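Work through the following exercises with the sequence and the coordinates open beside you. Each task is followed by a solution that goes step by step.

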Amino acid sequence: MRKPILAQTASIALMVLGLRLLQIDGEHIYSGHDFPYKLMAGFGMLCLFLSFLTSMISAGYFAKTLSAMKVMIAGVVFLVVSAIAWNVLVRYAGMDNWTMLLIVPPLIGFLSGALLVVVGGIRLILKIARAQSS
């Protein structure tokens with residue numbers, strides 16, 4: 001149980017790092033020396049992608065190890081928290097600058113929650129079907 005918690009912590013750290021690098025690039029006034037900022041933006045996007053991957057992998061591991069009902073409850077909690085965060089952050093996200101990327105963390109949480117709900121639901125249905133067939 002320790003490894004997926006560490007993976008989720010690493011996912012959050014990568015997300016924070018990626019958003020910070022993209023903020024630095026977005027607030028930069030472009031001049032003739034823009035290569036370091038473009039490099040930061042690319043690394044920031046890579047960090048966000050790695051954050052997404054580690055979050056989904058740890059959610060898949062949680063879905064495999066926890067009981068089906070706990071997985072469903074965790075997935076619903078992820079979905080509710082992500083929906084609330086989405087509604088709050090969309091107000092502050094501007095489509096013309098780096099703040100548009102503030103919608104990425106709720107989106108990652110929503111996808112992880114959806115994975116947990118789907119896997120937990122399938123496991124719960126299979127468990128009920130096996131109990132009825134016996």
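The radius of gyration used below is taken over C-alpha atoms, and the rule for a globule is 2.2 Å times the number of residues to the power 0.38. The model is a predicted one.

**Exercise 1. Overall form**

Task: Determine which secondary-structure elements the protein chain has, and set its radius of gyration against that of a compact globule.

Solution. Begin with the elements: the protein chain has four helices and zero strands, and along the sequence these give the pattern α-α-α-α. Next, take the globule rule, under which a compact globule of 134 residues would have a radius of gyration near 14 Å, whereas the protein chain has 18 Å. Then turn to the box along the principal axes, which for the C-alpha atoms is roughly 75 × 30 × 20 Å. Finally, consider burial and contacts: 30% of the 134 residues count as buried, and among contacts with a separation of 6 or more, 76% are between residues 24 or more positions apart. The accessible surface is about 8600 Å², and carbon and sulfur atoms hold 75% of that.

**Exercise 2. Helix lengths**

Task: Compare the end-to-end spans of α2, α3 and α4 with the spans expected at 1.5 Å a residue.

Solution. The expected span is 1.5 Å times one less than the number of residues. For α2, with 31 residues, this gives 45 Å, and the end C-alpha atoms are 45 Å apart, so the two values agree. Helix α3, residues 68-90, has 23 residues and reaches 32 Å from its first C-alpha to its last, close to the expected 33 Å. For α4, the 30 residues should span 44 Å, and because the end C-alpha atoms are 43 Å apart, expectation and model agree here too.

**Exercise 3. Nonpolar cores**

Task: Identify the residues that make up the largest nonpolar core, and find which element gives the most to it.

Solution. The largest nonpolar core has eight residues in all, namely Met15, Leu19, Leu22, Ala41, Leu48, Leu101, Val104 and Ile108. Assigning these to elements shows that α1 (2-27), α2 (35-65) and α4 each give two or more residues, and that α1, with three residues, gives the most. A second, separate core has five residues, among them Ala59, Phe62, Val71 and Leu116. Returning to Ala41 of the largest core, its contacts beyond four places in sequence are with Leu22 and Asp25.

**Exercise 4. Serines in the interior**

Task: Decide whether Ser51 and Ser112 are buried or exposed, and list what each of them touches.

Solution. Take Ser51, which is found in helix α2. Its relative accessibility is 0%, and since buried means under 20%, Ser51 counts as buried. Leaving aside neighbours within four places in sequence, Ser51 is in contact with Ser11, Leu14, Met15 and Ile108. Other buried residues of α2 include Gly44, Cys47, Ser55 and Ser58, and the cover over the buried residues of α2 includes α1, α3 and α4.

Now take Ser112, in helix α4 (residues 104-133). Ser112 has a relative accessible area of 0% and is therefore buried. With residues up to four places away not counted, Ser112 touches Ser55, Met56, Ala59 and Phe78. The buried residues of α4 also include Pro106, Gly109, Gly113, Gly120 and Gly121, and what covers the buried residues of this helix includes α1, α2 and α3.

**Exercise 5. Two phenylalanines**

Task: Establish how Phe49 and Phe78 are classed by accessibility, and place each of them relative to another residue of the chain.

Solution. Phe49 lies in helix α2. Its relative accessibility is 46%, and because partly exposed covers the range between 20% and 50%, Phe49 counts as partly exposed. Its C-alpha atom is separated by 8.5 Å from that of Met15, although the two residues are 34 residues apart along the chain.

Phe78 lies in helix α3 and is also partly exposed, with a relative accessible area of 31%. Phe78 is 47 residues from Ser31 in sequence and 42 Å from it in space, C-alpha to C-alpha. Beyond four places in sequence, Phe78 is in contact with Gln8, Gly109, Ser112, Gly113 and Leu116. The buried residues of α3 itself are Ala68, Val71, Gly75 and Ser82, and their cover includes α2 and α4.

Conventions
Residues numbered from 1 in each chain as written. Predicted model: local features only at pLDDT ≥ 70, side-chain atom pairs only at ≥ 80, totals over all residues. Heavy atoms only, no water. Buried < 20%, exposed > 50% of the residue type's maximum accessible area, 1.4 Å probe, protein only. Contact = heavy atoms within 4.5 Å. Core = buried A, V, L, I, M, F, W, Y, C linked by side-chain atoms within 4.5 Å. Areas by Shrake-Rupley, 256 points an atom, 1.4 Å probe, with all protein chains shown as cover.
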